[in-house]
Amino acid sequence: MVGSGEELATRRLRVAVAGLGVIGEGAALRLASDNEPYALCSALVRDPNKERAEELSQLRIYTDPEVLLVEHPDVVIDALPTGESGRRLIEAALSRGISIVTANKQAIAGAMSPLSMLATQNKATFAYSASVGGGSPMVETARKAKSVGEVRSITAILNGTVNYILSSMKEGASFLDAVKAAQDAGFAEPDPTADLSGEDARAKISILTYEAFGREIENSAIKVEALDSMLAESFVEKGGNWKQLSVINKKSDGGITARVGFARVDDDPFFDSIGGEGNALRIINMDGRDFTCQGKGAGREPTVGSIFSDLEAIARQPVGR
């Protein structure tokens, strides 16, 4: 939870927001609040003429990332809609010593090690808790598990949109109605392909393997099962509670296997209880200890909350770290 202005007064961060879509606008509006111990300095957008919320009407708007970075904000929040543009921005910012807080999992999956090294070399912070789990602290949980022992396996519900669709269909909704409801609620994009294809979960697996094992698994090595109307309707016909589960295992030879698929979880109280847009994570270490977390995995509020947790951590760092 973000601390009070008094607590963080010595580190009032100048923050720029890249992308003013659902997540970026939510972060910008919160930054613009007089109650926040941060200073919203500028934003990067694709269309500078688009009508914005009144609270952002005086905000300096740029369309060129290089111009945004000339201001040298303390932190850039990356909420850009594509992985390619996000990756370029993150690399450019970190190379200038500007810290990054990103919710853009497609921008960082597959590049966790080089981006972390770039941040270290330039005394910047590379924070990405919001890229996995929404309001569920999955990155933090993976770090905790790794800090106390060797991780053996990870099982997780990583996509809140798919979980919402499956939960809605279990309650009687059709596939198309469930998808539309997820879009109307702000859980799914107008084009839900990344969620339904499993690509969203695949990117999150890559990030979690970096946290848990210190290295990423090759994107092509992650087996993914897509969700379509026929498959979803078959779950309804079979009955029970079906979930999209991402499963990661460390083999005896040190290799890592990962897959995204569907399983019936009626006999697993932890995952069986995760409804709606929820996400959940279970990590089991080699010594048998387990670590779990759960929370809302989709939508503006939980993701923005995670972004601000990363901002608070940066604000608490010693000046000139």
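**Entry 1: loops first**

I take helices (H or I, at least four residues) and strands (E, at least two) as DSSP runs, numbered from the N terminus. A reminder to myself before going on: this is a predicted model.

I began with histidine 72, which lies in the loop between α2 (65-70) and β4. I looked up its backbone and found phi near 50°, a positive value in a residue other than glycine. Most residues other than glycine have a negative phi, which is why I stopped here. Is histidine 72 buried or exposed? Neither label fits: at 39% relative accessibility, histidine 72 counts as partly exposed, because that class covers what lies between the 20% and 50% cut-offs.

Next came lysine 123, found in the loop between α5 and β6. Lysine 123 is not a glycine, yet I read a positive phi of about 55° for it. Its relative accessible area is 60%, so I noted lysine 123 as exposed.

**Entry 2: helix α5**

Lysine 123 comes just after α5, and I stepped back into that helix. Which residues of α5 (residues 112-121) are buried? I listed Met112, Leu115, Ser116, Leu118 and Ala119. Looking down the axis of α5, I saw these buried residues fall within an arc of 160°, so they line one face of the helix. On the other side of α5, I found Thr120 and Gln121 exposed.

I then asked what the buried residues of α5 pack against. My list reads α3 (83-95), α4 (105-108), β6 (126-127) and α10 (199-213).

**Entry 3: the parallel sheet**

β6 led me to its sheet. This is an open sheet of six strands with parallel pairing, and I wrote down the order as β3-β2-β1-β4-β5-β6. Which strands stand at the edges? They are β3 (61-62) and β6; each has a single partner strand, so one side of each is left without a neighbour in the sheet.

I walked through some of the pairings:

- β1 and β2 run parallel and are joined by six bridges; valine 15 has leucine 40 in β2 as its bridge partner.
- β2 and β3 also run parallel, with two bridges between them; here leucine 44 is matched with tyrosine 62 in β3.
- β4 (residues 75-78) pairs with β5 (residues 99-102) in the parallel sense over four bridges, and isoleucine 77 has valine 101 in β5 as its bridge partner.

I gave β2 a second look for burial. Five of its seven residues are buried, so β2 is largely enclosed by the rest of the structure.

What lies across this sheet? I found helix α13 (residues 300-315) lying across β1 (13-18), β2 (38-44), β4, β5 and β6, and running at about 160° to β5. I also checked phenylalanine 308: arginine 30 lies over the face of its ring, at 4.1 Å from the ring centre.

**Entry 4: the mixed sheet**

I turned to another open sheet, where six strands follow the order β8-β10-β9-β7-β11-β12 and the pairing is mixed. Its edges are β8 (222-224) and β12 (290-296), and each has a single partner strand, so one side of each lacks a neighbour in the sheet. On average, neighbouring strands of this sheet are turned by 15° against each other, direction ignored.

At the β8 end, I counted three bridges joining β8 to β10, and the two run parallel. Isoleucine 222 stands opposite alanine 258 in β10.

I also looked for a helix on this sheet. Helix α6 (residues 138-148) lies across β7 (151-157), β11 (278-285) and β12, and runs at about 5° to β11.

**Entry 5: aromatic rings**

How many aromatic pairs are there, with ring centres within 6.5 Å as the cut-off? I get six. One of them joins phenylalanine 126 and tyrosine 128, a tilted pair at 4.8 Å centre to centre with 50° between the planes. I checked both partners for burial: phenylalanine 126 has a relative accessible area of 9% and is buried, and tyrosine 128 is buried at 4%.

Phenylalanine 235 and phenylalanine 262 form another tilted pair, at 5.4 Å centre to centre and 40° between the planes. This pair links distant parts of the chain, 27 residues apart: phenylalanine 235 sits in helix α11 (residues 229-238) and phenylalanine 262 in strand β10 (residues 256-264). I found both phenylalanine 235 and phenylalanine 262 buried. With Trp242 added, Phe235 and Phe262 form one aromatic cluster.

Terms used. Residues are numbered from 1 along each chain as its sequence is written. This is a predicted model: local features need pLDDT of at least 70, side-chain atom pairs count only at pLDDT 80 or more; totals for chains, interfaces and linings use all residues. Side-chain values use heavy atoms; hydrogens and water are left out. Rings of Phe, Tyr and Trp (its six-membered ring) pair if their centres lie within 6.5 Å; planes under 30 degrees apart count as stacked, over 60 as edge-to-face and the rest as tilted. Buried means under 20% relative accessible area, exposed over 50%, partly exposed in between (1.4 Å probe, protein chains only). A charge sits over a ring if NZ of Lys or CZ of Arg is within 6 Å of the ring centre and within 35 degrees of the ring normal. Two strands pair if DSSP finds at least two bridges between them. Axes are lines fitted to C-alpha atoms, for helices over the stretch in contact, and angles run from 0 to 180 degrees between N-to-C directions. Contact means heavy atoms within 4.5 Å. The arc is that of the directions from the helix axis to the C-beta atoms.
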